[in-house]
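User: I would like to learn how to read a protein model. Can we start with charged pairs and work outward?

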Amino acid sequence: MAEIDIHAPGVEVRKSCCYFCHQNCGVLAYVKDGEVLKIEGDPNHPVNQGGLCCRGNIALKHLDHPARINHALKRVGAKGEDRWEQIPWDQAIREIADKLNRIKAESGAEAVATAGGTLRTEDWSRRRFMNIFGSPNSFHNALLCWIPTFMVETAVSGWSPFETDLGESRCVILWGFNPGASGMPGMKGYTELQRAGLKLIVIDPRHSETASKADLWLPLRPGSDTALSLAMLHTIIFEGLYDDASYRTGAWASTS
């Protein structure tokens with residue numbers, strides 16, 4: 001790849017965010033004539049302070065990937081032939097609106113359903129559109145990810161410990177989780193807590209970036225995670241290592 005001269009005439013730097021995960025690290029995008037030439041971490045952003053993980057560093061490959069659909073496409077030929085033509089956005093919006101209104105008139109609004117992936121935030125715009133259109137048949141990634149997590153945590157623990165108080169913890173177990181490569185702001189928080197006395201246990205078959213910083217690395221054989229978790233539960237319960245008084249009074253629900 002040719003070296004990019006970010007100081008060349010006409011190159012502008014614009015502040016943005018990475019959207020490959022919920023950390024939303026700050027990035028600097030170097031743009032010329034509407035084309036993004038280079039992306040790097042923003043050293044003045046409070047979340048990542050200039051660092052980017054492997055996902056943020058390949059943002060340009062994602063942006064310019066030949067398989068990415070960046071234009072409105074209309075099928076030509078029979079369904080399944082994989083033949084398309086590029087059309088203007090105004091035409092695409094008009095044709096889609098006409099078809100939606102025709103379905104609504106013929107079969108009712110509930111004949112239309114939508115599904116979508118994560119947008120790294122609340123999917124309010126699509127839900128609002130479906131609400132105005134008159135159909136309740138809409139779901140997105142929260143129903144497959146966030147909501148089941150909260151429900152299971154509440155059923156098991158009595159509440160959903162989404163915002164954990166790591167500052168009050170003496171030990172943290174990262175199980176099959178590698179923030180050293182994929183969540184640098186989170187990894188920074190763990191290492192800062194380690195300097196304050198926190199012990200970090202990493203369970204991962206690989207000696208990952210995070211495992212290299214652990215106080216204890218447990219390189220399990222792949223597929224043996226269940227045996228370890230059951231053994232830990234057995235030891236905690238039958239050796240009475242849990243805080244029984246706090247559990248009975250419910251005080252555990254307000255601590256990490």
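**Reading the salt bridges**

Analyst: Start with the count: 7 salt bridges are present in the structure. Keep in mind that this is a predicted model.

User: What decides that a pair is a salt bridge?

Analyst: Distance decides. A side-chain nitrogen of Lys or Arg must lie within 4 Å of a carboxyl oxygen of Asp or Glu. Take Lys-38 and Glu-40: their side chains meet with N to O at 3.9 Å. That pair counts because the value falls within the 4 Å limit.

User: Are Lys-38 and Glu-40 buried or exposed?

Analyst: Neither label fits. Partly exposed is the class between buried, under 20%, and exposed, over 50%. Lys-38 has 27% relative accessibility, so this residue is partly exposed. Glu-40 is partly exposed too, at 26%.

User: Which residue forms a salt bridge with Glu-95, and how far apart are the closest N and O atoms?

Analyst: The partner is Lys-74, and the closest N and O atoms are 3.2 Å apart. Then ask where each residue sits. Glu-95 belongs to helix α3 (residues 89–107), while Lys-74 belongs to strand β4 (residues 73–75), so the bridge ties together parts 21 residues apart in sequence. For exposure, Glu-95 has a relative accessible area of 32% and is partly exposed. Lys-74 is partly exposed as well, with 32% relative accessibility.

User: How are Glu-192 and Lys-188 placed in helix α7?

Analyst: These two are 4 residues apart in helix α7 (residues 184–195), which means about one helical turn separates them. Their side chains meet in a salt bridge, N to O 2.6 Å. Glu-192 is partly exposed at 39% relative accessibility. Lys-188 is partly exposed, with a relative accessible area of 35%.

**Reading the whole chain**

User: How many helices and strands does the chain have?

Analyst: The secondary structure comes to 9 helices and 10 strands. Next, check the spread. The radius of gyration is 25 Å, whereas the globule rule gives 18 Å for 256 residues; the chain is therefore more spread out than a compact globule. The box filled by the C-alpha atoms, along the principal axes, is roughly 70 × 55 × 35 Å.

User: What share of the residues counts as buried?

Analyst: Of the 256 residues, 22% are buried. The chain exposes about 18,100 Å², with carbon and sulfur atoms supplying 57% of that area.

User: How many positive and negative side chains are there?

Analyst: There are 27 positive and 30 negative side chains. Compare where the two sets are centred: the centres lie 3 Å apart.

**Reading single residues**

User: Where is Asp-42 found?

Analyst: Asp-42 is in the loop between β3 (35–41) and α1 (54–57). Now check its exposure. Asp-42 is buried, with a relative accessible area of 4%. To find its surroundings, leave aside neighbours within four places in sequence. The contacts of Asp-42 then include Lys-15, Gly-26, Val-27 and Asn-48.

User: Which strand holds Tyr-30, and what does Tyr-30 touch?

Analyst: Tyr-30 lies in strand β2 (residues 26–32). With 10% relative accessibility, Tyr-30 is buried. Beyond four places in sequence, Tyr-30 is in contact with residues including Ile-6, Val-11, Val-13, Leu-37, Lys-38 and Glu-40. Both members of the Lys-38 and Glu-40 salt bridge are thus among its contacts.

User: How far apart in space are Tyr-30 and Met-130?

Analyst: Their C-alpha atoms are 37 Å apart, and in sequence the two are 100 residues apart.

Notes: Residues are numbered from 1 along each chain as its sequence is written. This is a predicted model: local features need pLDDT of at least 70, side-chain atom pairs count only at pLDDT 80 or more; totals for chains, interfaces and linings use all residues. Side-chain values use heavy atoms; hydrogens and water are left out. Buried means under 20% relative accessible area, exposed over 50%, partly exposed in between (1.4 Å probe, protein chains only). The radius of gyration is taken over C-alpha atoms; the globule rule is 2.2 Å times the number of residues to the power 0.38. Accessible areas come from the Shrake-Rupley method with a 1.4 Å probe; for residues, only the protein chains shown count as cover. Lys and Arg count as positive and Asp and Glu as negative; His and the chain ends are not counted. The place of a charge is taken as NZ of Lys, CZ of Arg, CG of Asp or CD of Glu. Contact means heavy atoms within 4.5 Å.
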